[in-house]
Structures are given as structure tokens and as C-alpha cells.
Amino acid sequence: MEIKSEIPPLSISTKFKTILSDEITKAGIDTNTIKNYVIINFSDPVHTSDDEGYHPVEVMVSPMGAILYITEFGYANQELVKDLDFDFKLNLFHQRGQDCSMNDGVRLFRIFQSNFCEHYENGVFKVVATSF
């Protein structure tokens, strides 16, 4: 599946697109006949509310390869909550309970992508991709 790379005002890096495409392929999801959405969950098996670890990330991709959202979760008072949320359908950026315009998240999105790709390449995530 070809992942769309431009979602103004944000730009999806080649590395990030490749990770998503590769994980969809590894999951055995037939991208030639896909008519459903795909959700890819990246989680650190040792990350808990008591122990440090890498924050879980969830990405939803449309049948046409458009990223609908990217959400990073973190713990707040023993509860897993949205820490960062880039909602491309609504063109909103959400950080720790506050909604902002996507323009406000451009710099942070670049940092997020870079860190995420590095963590992925270091093998810290267990990945599950499902279509529905």
C-alpha cells in the first residue's frame, strides 16, 4: 500500500511511510484488494504505568493509503491516555488534553517522527496490524 506523504501542513517522512507499508505487508493484509481501514499498533511490551518505556503508538490508514490519525499514548495517574494526537481528518493536533490547530504541531510532529523511526529501528516495539 502506498502511504500518502503530504498531509498539509505536515509532511510524512519516507522512513515513516516505509515502516507503515512494511508492517501492513508483514501482517498479510492484501493491499491490492483492501477495502477496509488498517490500524497499526506499536507497543513496548515492558512499558507500564510503573516502569519507564517507550510510549505506545497507534496509526489508522484508509483504504486509499491516507493516514487518518497518529496517536501516542502515555500514562497519567495509572491510566493510559492520549499524549499526542495528530488527527488528519479533522486537521487537529491534540497534546495532553488541549486541542490546537495542526499548524501548532508541525515542529513537534517532525520530532515525533524522528524519535518514532529511531525507536522502531531499534526493535523496541511489538507491532500488530489489523484491517476492519
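**Exercise 1.** Which residue in E9 stands opposite serine 43?

Some ground rules first. This is a predicted model, where local features need pLDDT of at least 70, side-chain atom pairs count only at pLDDT 80 or more, and totals for chains, interfaces and linings use all residues. Residues are numbered from 1 along each chain as its sequence is written, and side-chain values use heavy atoms, with hydrogens and water left out.

*Solution.* Start with strand E3 (residues 38-43), which six bridges join to E9 in an antiparallel run. Strands here are DSSP runs of E, at least two residues, and helices are runs of H or I, at least four, numbered from the N terminus. Two strands pair if DSSP finds at least two bridges between them. The partner of serine 43 is lysine 126 in E9.

**Exercise 2.** Work out which strands stand at the edges of the sheet.

*Solution.* Write down the order of the open seven-stranded sheet: E8-E7-E6-E5-E4-E3-E9, antiparallel pairing. Strand E8 (98-101) and strand E9 (126-131) each have a single partner strand, so one side of each lacks a neighbour in the sheet.

**Exercise 3.** Find the helix that gives the most to the lining of the second largest pocket.

*Solution.* A pocket is an open set of points on a 1 Å grid over the protein atoms alone, where a 1.4 Å probe fits, with protein on both sides within 12 Å along at least five of seven lines; lining residues have an atom within 4 Å of a point. The lining includes Leu108, Ile111, Phe112 and His119. Helix H2 (residues 106-121) gives the most, with six residues.
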